[in-house]
Amino acid sequence: MQTAQSKSKSIKKVLIVGGGTAGWMTAAALANALQQGCEVTLIESEAIGTVGVGEATIPPIRVFNQTLGIDENDFVRATKGTFKLGIEFVNWGREQHSYFHPFGSFGRPFDMVNMHQYWLQAFQNQKASSLDDYCMAWAAAREGKFAPPNRDPRNVLSTYEYAYHFDAGLYAQFLRKYAENKGVKRIEGKVDDVTLNPDSGFVQSVTMQNGETLTADLFIDCSGFRGILIEGALKTGYQAWDHWLPCDSAWAVASEKTTLTPYTRSIAHQAGWQWRIPLQHRTGNGHVFSRQFMSETQACDILLENLDGKRLTDAKLLKFKTGRRNLFWHKNVVAIGLSSGFLEPLESTSIHLIQTGIAKLLALFPDKDFDPLVIDEYNRVAIKEIENIRDFLILHYRLTERQDSEMWRYCASMAIPDSLQYKIEHFKRYGRLISSEMDLFGKASWLAVHIGQFNIPQNYEPLMAHRTNDSQAWLNKLKAAMAAAAKQLPTHQQYIDKFCKSA
Ligand code: FAD
């Protein structure tokens, strides 16, 4: 039961500054969670606009939507979305080579030793084909097939997961409607000034261009790269990671819809990589590159030369600094979205970090005391999460064997965090996957990149010498079962047409 004292200390007003994907996801989640006693307001500026990209996601987004009670087909229809079974990486380890990072697993558990050890043994004896051939997500994806996974764990169709590609602007609109229906107040206009409490240094109010002043107990900074509260007002500081992840810019452009692949493509070029994200009405494309190694003009030309449909929009240049704020939550400001830091969209993790930021905020929702213990825990977890993802991204660059251009030569020999070096060494020796606390990416993800980029173990697990399974027969059976199951699935287009085609 709430006492009078705890009620008087509870947060009464939350102000979200920014209405991009971060702002509206936060507004929707807070509107859903804060059923009474707290007013949620969101300020956004049409004149400033949003970053306007961010179309590929990873499977946990489904949990976010489910928590809000959103119907999947309504959501896919409203956002002109498609389904995603993983990412195909082209030219990363070597030129003219590709591999798949699946959502789900390779093979399926059949023994106490990991499946990939059996694969490795067979592969080294030239009795198995590429690891991708034992992966259900790829078996379906390469055929352009999609259906949600089967729930029967004995069925190979239960071994994958899925996420979405969607139009980020439409997703924000969709969530805006949801949040406003649940009482969130939206204010259009530009925040011009921020006032701090002279004693505590907490944010006290923001002043709009029209002179209106808005106060709150808790402020959420969703203002994008600007970070007008967390950095502009509180000067929280930033750690840059460009020595490990040298890309600092991206050209983005939409092209005509072509094949509706149920996966994202990431194609490495000389100084970065290109994304291809299929939506129901168009394809999203971008070239993430490093200005240190390539000019803006050259990067734009490469993107336009490599579109697989007619260009629909002008190319837009975005510049960023990879890294994170020193603190994600400082005083009474929580930074969510681009205001909190940025990692290039190589593994589609930014929207996920918005989701985990919201989840942590709800799990550690404060009262007006803003107990430092609560804030420290938020920051501890947030930092661990983003640094784990950072290491996973660095792995893609560090494991390249490309020597054809300056950027790849730099990446192939750059110093990397010790924690990552340790994982690479372990995998190289016996194919062991060392996990870190709170790592978003599980064993299958790390496995996909190690093997896909030629960090082939020197030996398999010594325990294998003591096992008697007939792995050969099992691998052959698995591969055939997956190929057969994929044939039975509807095409991605057929699935969308039947359940969630947009108008
Ligand atoms: P923004 O979209 O920039 O929104 C900021 C909001 O703040 C806007 O509403 C703006 O009007 C408002 N604002 C700013 N200043 C003021 C002010 N003074 N007064 C009032 N309002 C203000 N993520 C993925 O998960 N998958 C991807 O595939 C992906 N691809 C990306 C590709 C690129 C090149 C980039 C740069 C990012 C990508 N992201 C991706 C990240 C994703 O775009 C962002 O995480 C997501 O869009 C959230 O952005 P945001 O809401 O934090 O910021």
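**Asking how we know**

Me: The C-alpha centres of domain 1 and domain 2 lie 36 Å apart. Which residues make up the domains of the protein chain?

Reply: Domain 1 is made of 11-55 + 167-242 + 322-370, domain 2 of 82-165 + 389-492, and domain 3 of 249-319. These bounds come from an automatic or database domain assignment. A word on the source: this is a predicted model, in which local features need pLDDT of at least 70 and side-chain atom pairs count only at pLDDT 80 or more, while totals for chains, interfaces and linings use all residues. Residues are numbered from 1 along each chain as its sequence is written.

Me: What makes two residues of domain 1 and domain 2 count as being in contact?

Reply: The test is that their C-beta atoms, placed from the backbone, lie within 7 Å. By that test, 8 residues of domain 1 are in contact with 7 residues of domain 2. The side of domain 1 that touches domain 2 has 3 nonpolar, 2 polar and 3 charged residues. Here nonpolar stands for Ala, Val, Leu, Ile, Met, Phe, Trp, Tyr, Cys and Pro, charged for Asp, Glu, Lys and Arg, and polar for the others, Gly among them.

Me: What scores does the model have, and what is the mean pLDDT of the protein chain?

Reply: The model has ipTM 0.99 and pTM 0.97. For the protein chain, the mean pLDDT (the predictor's confidence in each residue, from 0 to 100) is 96, and 99% of the residues reach 70 or more. Among the elements of the chain, strand β20 (residues 333-335) has the highest mean, 99, and helix α1 (residues 4-9) the lowest, 74. Helices (H or I, at least four residues) and strands (E, at least two) are DSSP runs, numbered from the N terminus.

Me: Why is Gly227 called buried?

Reply: Gly227 has 25 C-beta neighbours inside 10 Å. A residue is buried if 20 or more other C-beta atoms lie within 10 Å of its own, exposed if 12 or fewer, and partly exposed in between, with C-beta atoms placed from the backbone. The count of 25 meets the cut-off for buried, so Gly227 gets that word. Gly227 is in the loop between β11 (218-221) and α8 (228-233). Not counting residues up to four places away in sequence, it touches Asp221, Gly232, Ala335 and Ser339.

Me: Ser223 also lies in the loop between β11 and α8. Is Ser223 buried or exposed?

Reply: Ser223 is buried, because it has 28 C-beta neighbours inside 10 Å. Leaving aside neighbours within four places in sequence, Ser223 is in contact with Val17, Gly18, Ile228, Leu229 and Ser339.

Me: Why is Gly69 called exposed?

Reply: Gly69 has 8 other C-beta atoms within 10 Å, so it falls under the exposed cut-off. Gly69 sits in the loop between α3 (61-67) and α4 (72-78). Its C-alpha is 9.3 Å from that of Asn32, with their places 37 residues apart in sequence. Lys7, in helix α1, has 11 C-beta neighbours and therefore counts as exposed too.

Me: What makes the phi of Gln126 worth noticing?

Reply: Most residues other than glycine have a negative phi. Gln126 is not a glycine, yet its phi is positive, about 55°. Gln126 is in the loop between α5 (115-124) and α6 (136-141), and with 7 other C-beta atoms within 10 Å it is exposed. Met438 has a positive phi near 60°. Met438 lies in the loop between α13 and α14 (443-452), and its 14 C-beta neighbours make it partly exposed.

Me: How do you know what span to expect for helix α13?

Reply: The expected span is 1.5 Å times one less than the number of residues. Helix α13 (residues 418-430) has 13 residues, for which 18 Å is expected, and it reaches 19 Å from its first C-alpha to its last, close to that value. Just after α13, Gly431 takes a positive phi of about 70°.

Me: What puts a residue near the ligand, and which residues come nearest?

Reply: A residue is near if its C-beta atom, placed from the backbone, lies within 6 Å of the molecule. There are 39 residues around the ligand, and Gly18, Gly20, Gly54, Gly224 and Gly337 come nearest. The largest share of the shell, 3 residues, comes from α2. By class, the shell has 18 nonpolar, 17 polar and 4 charged residues. Domain 1 and domain 3 each give at least three residues to the shell.
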